[in-house]
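Subject: Structure for your review

Dear colleague,

Please find below the structure that I agreed to pass on to you. My notes on the ligand and the pockets follow it.

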Amino acid sequence: MGDVMLDFEDTIARDQRIEPRDPMPEAYRKTMIRQIAQHAHSEIIGMQPEGEWITRAPTLRRKAILLAKVQDEAGHGLYLYSAAETLGADRGDLTTRLIEGRQKYSSIFNYPTLTFADVGVIGWLVDGAAICNQVPLCRSSYGPYGRAMIRICKEESFHQRQGYELLMTMMRGTDVQREMVQDAVNRWWWPSLMMFGPPDGDSPNTAQSMAWKIKRHTNDELRQRFVDMSVPQAVSLGVTLPDPALRWNEERGHHDFGTPDWDELKRVISGDGPMNAARITRRRQAHEDGAWVRAAAAAHARKKAS
Ligand code: 3HC
């Protein structure tokens with residue numbers, strides 16, 4: 001192994017950051033671009049499910065909160081595309097790969113948002129799962145990625161809290177509102193568990209990502225952490241999590257829970273989810289609508305540079 005790679009391995013072993021100008025194995029660069037790009041795509045596509053409720057929010061307060069949250073997601077996407085660019089990726093190329101289906105985004109955003117309770121449940125469960133997954137990523141070995149996570153995690157905490165507060169309000173409302181919340185929990189619980197990826201035994205990337213300290217915990221470890229965090233929150237909220245196998249295991253010191261439908265995850269990842277086509281069609285349209293802005297900005301930059 002060359003000296004260059006010895007430096008890389010030594011930096012990782014000493015729990016230090018790999019920075020953009022540091023020497024790194026091509027495979028490290030590739031997997032970092034893969035994960036960061038898909039994370040960025042997820043943030044941008046993730047604006048759609050809740051964005052559809054901005055015009056239908058029940059009060060001005062809820063509309064303002066939702067506007068702020070969706071705007072945050074756009075910002076998360078931009079930080080992450082910028083982090084990918086420090087590895088030599090091109091943001092336009094990454095967007096083309098997303099639109100052409102050559103790069104992924106999180107399966108969770110391929111489910112429909114049927115009522116306003118979905119906005120609360122997405123905040124509570126989806127952003128809650130994001131926090132479980134992203135807090136360890138603040139210590140990811142790639143510097144720009146870990147640093148982007150610090151601000152993103154602060155904003156995710158607001159997202160999770162506003163969703164939970166929305167649900168608490170609805171649960172103190174009418175029977176119909178309580179039924180809306182339970183229905184949303186029933187539809188979003190299992191897809192939220194799938195956000196953490198396939199089981200460790202079926203994960204082609206986890207072992208290497210753990211060795212390179214990109215990931216600090218495995219998919220199953222973080223999924224378990226999310227379940228253990230969510231159960232007491234569900235009890236306080238007064239909702240039932242739709243898993244008959246869910247129970248506290250004193251011996252393990254964790255909750256036992258049922259097995260997500262991994263075939264469903266494979267289908268949704270492969271593009272066969274309820275909303276995949278709609279999400280990509282919307283993303284393609286937005287990219288086309290923005291072409292004139294990109295052209296104008298590029299012309300302005302050229303004029304300034306001349
Ligand atoms: N949806 C779509 N694709 C998924 C997936 C999911 N829920 N879970 C796994 N995959 C893909 C992986 O990308 C990988 O495919 P690839 O090799 O072509 O990239 C394949 O399935 C096998 O999965 P692995 O576990 O081997 O892949 P990873 O080691 O990359 O782990 C991950 C998957 C846990 C999602 C990891 O990539 C990760 O932590 N990414 C950063 C966080 C992220 O992207 N979260 C997505 C949601 S963003 C969000 O929550 C925004 C918030 O505001 C709501």
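**Pockets and ligand**

Helix 6 provides nine residues to the lining of the largest pocket, the largest share of that lining. Please bear in mind throughout that this is a predicted model.

The largest pocket holds about 1100 Å³ of space. Its lining consists of 46 residues, and those nearest the centre are Q38, S106, M195, F196 and G197. Two or more lining residues come from each of helix 2, helix 4 (60-85), helix 6, helix 7, helix 10 (219-237) and helix 11. By class, the lining of the largest pocket comprises 19 nonpolar, 15 polar and 12 charged residues.

What occupies the largest pocket? The space taken by the ligand is this pocket. Around the ligand there are 32 residues, of which E73, K104, E156, S203 and K215 come nearest. This shell divides into 13 nonpolar, 12 polar and seven charged residues. At least two residues of the shell are supplied by each of helix 2 (26-45), helix 6 (116-137), helix 7 (143-171) and helix 11 (262-269).

Three side chains may be of interest to you for their distances to oxygen atoms of the ligand. For R34, a polar side-chain atom lies 2.8 Å from a ligand oxygen atom. For N219, a polar side-chain atom likewise lies 2.8 Å from an oxygen atom of the ligand. In the case of E43, an N or O atom of the side chain is 3.2 Å from a ligand oxygen atom. As for coverage, the ligand taken alone exposes 1000 Å², and the protein buries 90% of that.

The second largest pocket contains about 430 Å³ of space. It is lined by 15 residues, and I44, M47, R283, A286 and H287 are the closest to its centre. Which helix gives the largest share of this lining? Helix 12 does, with four residues. Helix 3 (47-51), helix 4, helix 5 (91-99) and helix 12 (276-289) each contribute at least two residues to the lining of the second largest pocket. By class, this lining has five nonpolar, five polar and five charged residues.

To summarise, the ligand takes up the largest pocket, and the protein buries 90% of the area that the ligand exposes when taken alone. Helix 4 appears among the contributors to the lining of the largest pocket and among those of the second largest pocket.

With kind regards

Technical notes:
Residues are numbered from 1 along each chain as its sequence is written. This is a predicted model: local features need pLDDT of at least 70, side-chain atom pairs count only at pLDDT 80 or more; totals for chains, interfaces and linings use all residues. Side-chain values use heavy atoms; hydrogens and water are left out. A residue is near a molecule or strand if one of its heavy atoms lies within 4 Å of it. A polar contact is a pair of N or O atoms within 3.5 Å; within protein, one must be able to donate a hydrogen and the other to accept it, and residues adjacent in sequence count only if both atoms are side-chain atoms. Accessible areas come from the Shrake-Rupley method with a 1.4 Å probe; for residues, only the protein chains shown count as cover. On a 1 Å grid over the protein atoms alone, a cavity is a set of points where a 1.4 Å probe fits but cannot get out, and a pocket is an open set with protein on both sides within 12 Å along at least five of seven lines; lining residues have an atom within 4 Å of a point. A molecule sits in a cavity or pocket if more than half of its atoms lie within 2 Å of its grid points. Ala, Val, Leu, Ile, Met, Phe, Trp, Tyr, Cys and Pro count as nonpolar, Asp, Glu, Lys and Arg as charged, and the others, Gly among them, as polar. Grid points are joined across faces, edges and corners, and a volume is the space filled by probe spheres set on the points.
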